Amino acid sequence: MMRNDQSLPELLARMGEEKIEKVKLAIADIDGVLRGKVISFEKFKAIASKGFGFCDVVFGWDSADRAYDNGAFTGWHTGYPDAVAVVDVHTMRRVPWEGGLPFFLADFSSARSQAGGEFGGAARADAGGEFGAAGGAAVSAGAAPVCPRSLLKRVIGQASEAGYSAFFSQEFEWFNFIAPAVAGGAPNGGTMARGVPGVAGELPGVSGGMMAGGTPTGGAMAGGWSFADLRPMTQGMFGYSILRASQGSAFFHDLFDNLGRFGVPLEGLHTETGPGVYEAAIMYADILEAADRAVLFKTAVKEIGHRRGILPTFMAKINESLPGCSGHVHQSLWSIDGSRNLFYDADRETGMSVLMECYIAGQLHCLPHILPMMAPTVNSYKRLVEGAWAPTTLTWGIDNRTVALRSLPGGSTSTRLETRVVGSDTNPYLAMAACLAAGLYGIRHGLPLRAATKGNGYADKSHGVLPRNLWEATQAMRASPLAVELFGAEFTDHFVRTREWEWRQFGQAVTDWELQRYLEII
């Protein structure tokens, strides 16, 4: 699906003719979680051109709605005021599983709402005129510096100024579980127990919510459920299995068909190795549309799954005995008019242009400084371990799945780079902004590309390894002037603070590993 190209008056007129009664709006927070609301069509007509008030707490709390105590952008010290959110009418699509409900994405402005309410919209010339975020990828001078979608727009602007159009796509792996019987219940206590792979649809080491010796872990409590109650949708490790896809065919085809109708077309969908694991490759597009699709994909999969009694998860690593879940980003730079793939050079032996080599070199150089943009959670680093189909070293190679950056030289339309560091738990706006910004850095500085790794990328530590955990990666980003150069001081400061908060929350938690290791014997 292409972006909506109708003008706002044309769009409103068509929606009026269709007797639309309500509209859904959403904004992506720093973790890539969509926050939004449904408003009446009458209200939408009033705010579509000038924006609407939306509490800036969405950038003042974490994915569990716990308020940061270290925030600077907003917090108790600011009173969590409303900011102006600007609708991007080019993102309009229909939600097929909600009766064709119109849906729009919005961006945060740095303006504060003057209307004294969530729906008040302070009209501003720099809020994008009649199109909201004008021109789709254009970013207004008043964009909030911490807004992930606006950050991506700023990086896109840098690419455009340099004469490049960026085309991206993201692919996701994720686990699908049989949803707990408690409708709408939230999980209580405990994490999945550890052990060796089990049978009968159980996750490795999970056996009726009991630890070794009969000690209960994570039992259901007061209307909730335990993670130990979860069972994968299918059994075994059958990657690319036609049988397993057929066994879940209703959900499988619901995903493929409804995502297409939602404007998130898939190139392919298949089972991946692991119980209940699917992998989807989203159709490539210009980078902003690609990021929109990726963000919407994750929410859409969860909503479609809920209607089938399925609980999908995009955690990077669900269990240490099973492979992690990737969110690989595919990318290429084209001429401004989109007619020529600038990564391809038929006259060179590899088929890779010098521009592509500089782009790859830029990512290799920048990765240690910006890794939290691609590995944003504590859990991300459980995926980045040797021998688990995820990279650990600062390496690149040609069609090599053991390195951080996999070059895929092909023809004039298919030559591209796959950044394999990215996990399924990322915020696509931030992951793609990081990939593009780092690649452009390499081009600007004419960075040379070292020799490709051949064979086992895990063994090639000659150029270093990736940070080992979120704290180490975040402190590297905090200390790096390069991160500020790529993303700006305000965004970098805000994002680093949120990752430090995330690490602190983990440090305060008592895990099942600690209980199993210490509870009885220590």
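The following legends describe close-up views of a predicted model of one protein chain.

**Figure 1. Overview of the protein chain and its secondary structure.** The secondary structure of the chain comprises 13 helices and 15 strands. Of its 522 residues, 55% count as buried. The accessible surface amounts to about 21000 Å², and carbon and sulfur atoms account for 55% of that surface. When contacts are restricted to residues at least 6 apart in sequence, 74% of them join residues at least 24 apart.

**Figure 2. The buried face of helix α1 and the loop that follows.** Helix α1 spans residues 8-17, and its buried residues are L8, L11, L12 and M15. Viewed down the helix axis, these buried residues fall within an arc of 95 degrees, so they line one face of α1. Just after the helix comes K19, with a positive phi of about 55 degrees. K19 lies in the loop between α1 and β1 (22-28) and is exposed, its relative accessible area being 68%.

**Figure 3. A positive phi at D399.** Most residues other than glycine have a negative phi. D399 is not a glycine, yet its phi is positive, at about 45 degrees. The residue is located in the loop that runs between β13 (396-398) and β14 (405-408). With a relative accessible area of 48%, D399 is partly exposed; the cut-off for an exposed residue is over 50%.

**Figure 4. The largest nonpolar core, centred in this view on F297 and L436.** In soluble globular proteins, nonpolar side chains tend to be buried together. The largest nonpolar core of this model contains 103 residues, among which F297 and L436 touch the most other members. Helix α9 (residues 428-444) supplies the largest share of this core, with 13 residues. Leaving aside residues up to four places away in sequence, L436 touches V155, I156, A159, A166, F168, I287, L333 and Y359. A second core, separate from this one, has 28 residues, including A48, A83, A85 and A144.

**Figure 5. Aromatic pairs formed by phenylalanine residues.** A search of the whole structure yields 24 aromatic pairs. One of them joins F103 and F262 in an edge-to-face arrangement, with 5.8 Å from centre to centre and 70 degrees between the planes. This pair links distant parts of the chain, since F103 belongs to strand β5 (residues 101-112) and F262 to the loop between α5 (249-261) and β8 (266-271), 159 residues apart. F103 and F262 are both buried. The pair F175 and F177 is stacked, with 6.2 Å from centre to centre and 15 degrees between the planes. F175 and F177 are likewise buried.

**Figure 6. A cluster of linked aromatic rings.** Ring pairs connect F172, W174, F251, F252, Y278, F297 and F314 into a cluster. F297 is also one of the two residues named in Figure 4 as touching the most other members of the largest nonpolar core.

**Figure 7. Two buried cysteines in a model with zero disulfides.** A disulfide is a covalent bond between the sulfur atoms of two cysteines. With the cut-off set at sulfur atoms within 2.5 Å, the disulfide count for this model is zero. C325 is buried, with a relative accessible area of 1%. C358 is buried as well, with a relative accessible area of 12%.

Terms used. Residues are numbered from 1 along each chain as its sequence is written. This is a predicted model: local features need pLDDT of at least 70, side-chain atom pairs count only at pLDDT 80 or more; totals for chains, interfaces and linings use all residues. Side-chain values use heavy atoms; hydrogens and water are left out. Buried means under 20% relative accessible area, exposed over 50%, partly exposed in between (1.4 Å probe, protein chains only). Helices (H or I, at least four residues) and strands (E, at least two) are DSSP runs, numbered from the N terminus. The arc is that of the directions from the helix axis to the C-beta atoms. A nonpolar core is a set of buried Ala, Val, Leu, Ile, Met, Phe, Trp, Tyr and Cys residues joined through side-chain atoms within 4.5 Å. Contact means heavy atoms within 4.5 Å. Accessible areas come from the Shrake-Rupley method with a 1.4 Å probe; for residues, only the protein chains shown count as cover. Rings of Phe, Tyr and Trp (its six-membered ring) pair if their centres lie within 6.5 Å; planes under 30 degrees apart count as stacked, over 60 as edge-to-face and the rest as tilted.
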